[in-house]
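Me: Could you walk me through how to read domain interfaces and ligand sites in a model like this one?

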Amino acid sequence: MEYNMKLYEGFLHGADYNPEQWLSYPEILQQDIEYMKKAHCNVVSIGIFSWSFLEPEEGKYNFEYFDKIVNDLWENNIKIILATPSGAKPRWLAEKYPEVLRVDKNKVRQIYGFRHNHCYSSPVYRSKITKLNKMLAERYSDKIIMWHISNEYSGECHCDLCQRAFREYLKTKYNNNLESLNHAWWTGFWSHNITDWEQIHSPVNIGEPDGIMTGLYMDWKDFVTYQTTDFMKAEIEAVKSVNENIPVTANFMGPYQPLDYHYMKDFVDVISWDSYPTWHSDRGDVYEGHTIAFAHDLHRGLKRKPFLLMESTPSLTNWLPYNKLKKPGMHRLSSLQAVAHGSDSVQYFQWRKGRGGNEKFHGAVIDHNNKPEGRVFDDVKNLGITLEKIKEIAGTETKSQVALVYEFRNRWAIDNSSGFNNADKKYKRTCINHYLQFWKRGINVDVIGADYDLSDYKVVVLPMLYSLSEKQIDNIEKFVANGGTVVATYMTGYANETDLCYMGGFPGGKLKDVFGLCADEIDTLYETDFNFVKLNNKSFKVVDYCELITPLTAEVTGKYEMDFYKGKPAVLKNSYNKGKAYYIACRDTGELLNELYEEIIKECNIKYHILPYGISIHTREDDFNNYLFVENYTEKEQKVSLKGKYIDVENDNIYTDEINLDAYEIKILKSTI
Ligand code: GAL
C-alpha cells in the first residue's frame, strides 16, 4: 500500500499510552487528555500491552474501558495508533497452552513472565491473537490512523513446533534436496552429514551452538526472520481483512542483530523505530550523535521514505547501567535529529510514569508528581510547538548521493565465522566509522542493503562486506560498470550467503576485476600492535587488520610501512569500465579514512560542508524548498559558515553566510530551490 505521510498534515507528536495501569484512578485518565493538549501532543499509541484487559479470560472480551479511552481521545482530536497486543500475553494463555511459551537455547521451556517471548510457530498463539486483532479492527478501524503491529518483534524459540517449521523452511529452500543442504552447510567437515531432514536441529547450547556450522546458523537466522515475519503477516492480515486502507507499522530497533529488517521491511507500509541514545556518556555526544544518525538513516533507507520515531525517552531510561538526564537543549536536539534524518514524528515511551512495575523510573512526559510543568514537560511542550511551526517539512524527502551498505546477514556471518579477531570483529562500528566521514561533512547518506537499486548514487560504501551472494556481487559490479564509485575494505567478498568461501581468491567472483586485486592473506593484530600506511606522503596509523594484497589492475596509492609486509599495497584504486573502485586493505584509526574520503568526495563532485568538530547538517526537500538542519552536538557555542541566504523556519529570521549555534542547539533553515 502506498502510504502518504502528508495525509496527517504535519508531524505526529505523542507517546505510548498505557491507561490500563490507571483504570482505578478515573481522575488521572481525565487529566491525561487535558495534559496531552497542554503538551502539544496530537497522537498516542495504545493497546500495546492490553491483552489481559481486553480478553481477561479465554474467549471473554471486555472492550468497555477501551471504548471509553478511544472515544475520549477521538473526541479530543488526539490521533490513535492502535497496537495489536501480542507483545505481552495473558497468564491464562500460558497456563492453558504451554506451547505459547518459548524454549530457550538450553532447550528449557520458560514459564510465564516477562514479555515479547511467545513462540512464533504456535498455532494457538496465532489463532488467539488474530481473533482479537480482527475484533479490534472491527470495533476501532474508523477511529485510528495506523496499526502498530505487536511491539519490537524479537527473539527465537527452539521448541518442537519451531524445529518442524525450520525443517519445512529448509525443504522449500533446498528444493527437497538434502545434498544441496549438505553442500551449503559444508557438512563433510567433522562428519556432520545429514541423511534425514528429521536430524536437523536449530543451533542450541547443548548441540551445535552458534558459530560451529555457520551455514546452519545463517539458515536458522534467516528462518527466525522468516517465521517472525510470517507471524507479523498473520497479524497484519487480520487487521487488513477489515479495512485495508489503514497503514501498518512495526516498531524496529536500529541495526538490531537478531533480525533482518531488509526482509521484513516489505511487509509493513511505514517504517518506524524506537531510539534510545545514551547521551552524555563517557564516549561523548559527538560519538552518540553520529551513531544514532546512522540508525536513523538505516530506517529511512529501508524504504527510502520518511519514517516514524515511534519511541524515545522524554528524559532518561531506566535500563542502562547509568541512567542520565538529558542536559538542557538535548531533548530538542535529539528529537529534531530524527526529523532531520526523515522522521515524520517524535513519540515517547511513555506518556505517564506508572507507580509500580519495571519501568516506573523510566522517563515519561508526566512524572510521579503529576504536574503538567517542569523541565521535562516543558521540553516536550516546546518541541510540540516547534513541530507545529515546522509542519511544512513533514512528508518531505531526503535525497542522498551516497549510500552505505549495512547488511544484517553479513553481521551474522562475520560474527559467527571463527577466525580473525574472535572477541569482536567490530562490523557495525566499522560501518559507523565510514559513515562518520560523511556525517561530519554534512552529507546525506542512505544506509541500505547490498541488493538495493544503486543506480541513484554516486558513491556506495561497502565496509567489511565479508558475506555476499552472487546476486549482490552482480549488483555491485553493475553499479561500478555504469560509472559508480565504490569503496570497500579488508574482508570483502570472502564467502557466499551460507558462508561458503569463494574459490579462486578474494574478493569473490567478479569483484576481483572490479577492484583489480586479490586479497591473499589477512593479519589480525593484537590490541597493542599497529602498523603505518603511507598515503599522499603522510603516515597513518592502522590497527586490527592488515590484508596482504596482490594488485592485478589496481593502482597502489598507499603502502604498509612496517612488518614483513612493509612496502606492500594497503590502499588501492581501480578503474573498472565507467566507474572506480577503492579498496582499503587495513583498519585505520580515522585519519586515513578522513584523507581518502576527502579525495573521493571531491572527485565524485559531492556537495559538502566544512564544519567545526561536532557539527553536522542534514537536509530534506520538496519541489520548492531545501530544508537544512544544522546540529551542534557539543557543549560549546559554535559558528557555522553556510554559503547563501537562509530563513529560519521557526521564526523567519534571516541568515546570510554564517550562523551561531549555542550548546546542543539545532536550527532549521530553508532555502528556496
Ligand atoms: C522499548 C519498549 C517499550 C519500553 C521502552 C523503554 O524497547 O518497546 O515498551 O519498554 O523500551 O525504554
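**Domain contacts and the ligand site**

Reply: Happily! Six residues of domain 2 touch six residues of domain 3. Keep in mind that this is a predicted model.

Me: Where do these domains sit along the chain?

Reply: Domain 1 takes in 43–169 + 225–268, domain 2 runs over 402–603, and domain 3 covers 615–672. Between domain 2 and domain 3, the C-alpha centres are 34 Å apart.

Me: How much area is buried between domain 2 and domain 3?

Reply: For an interface, look at the area that two parts lose on being put together. Here domain 2 and domain 3 bury about 460 Å² between them, with 43% of that coming from carbon and sulfur atoms. On the domain 2 side, W439, G442 and N444 lose the most area to domain 3, and together they make up 88% of what that side buries.

Me: Which polar features does the rule find across the interface of domain 2 and domain 3?

Reply: Salt bridges and polar contacts are counted separately. The rule gives zero salt bridges between domain 2 and domain 3, but it does find two residue pairs in polar contact, both at pLDDT 80 or more. As for residue classes, the side of domain 2 that touches domain 3 has three nonpolar residues, two polar and one charged.

Me: Now the ligand, please. Which residues surround it?

Reply: Start with the shell, then go to individual atom pairs. Around the ligand are F49, R115, N151, E152, D274, Y276, E311, W319, F349, E359 and H362. Sorted by class, this shell holds five charged, four nonpolar and two polar residues.

Me: What distances separate polar side-chain atoms from oxygen atoms of the ligand, say for E152 and E311?

Reply: A pair of N or O atoms within 3.5 Å counts as a polar contact. E152 places a polar side-chain atom 2.5 Å from a ligand oxygen, and for E311 the corresponding distance is 2.8 Å. E359 also has a polar side-chain atom 2.5 Å from an oxygen atom of the ligand.

Me: And how much of the ligand's accessible area does the protein cover?

Reply: Take the ligand on its own as the reference. Its accessible area is then 310 Å², and the protein covers 93% of that.

Definitions and conventions
Residues are numbered from 1 along each chain as its sequence is written. This is a predicted model: local features need pLDDT of at least 70, side-chain atom pairs count only at pLDDT 80 or more; totals for chains, interfaces and linings use all residues. Side-chain values use heavy atoms; hydrogens and water are left out. Domain bounds come from an automatic or database domain assignment. Contact means heavy atoms within 4.5 Å. Buried area is the accessible area (1.4 Å probe) that two parts lose on being put together, summed over both. A salt bridge is a side-chain nitrogen of Lys or Arg within 4 Å of a carboxyl oxygen of Asp or Glu. A polar contact is a pair of N or O atoms within 3.5 Å; within protein, one must be able to donate a hydrogen and the other to accept it, and residues adjacent in sequence count only if both atoms are side-chain atoms. Ala, Val, Leu, Ile, Met, Phe, Trp, Tyr, Cys and Pro count as nonpolar, Asp, Glu, Lys and Arg as charged, and the others, Gly among them, as polar. A residue is near a molecule or strand if one of its heavy atoms lies within 4 Å of it. Accessible areas come from the Shrake-Rupley method with a 1.4 Å probe; for residues, only the protein chains shown count as cover.
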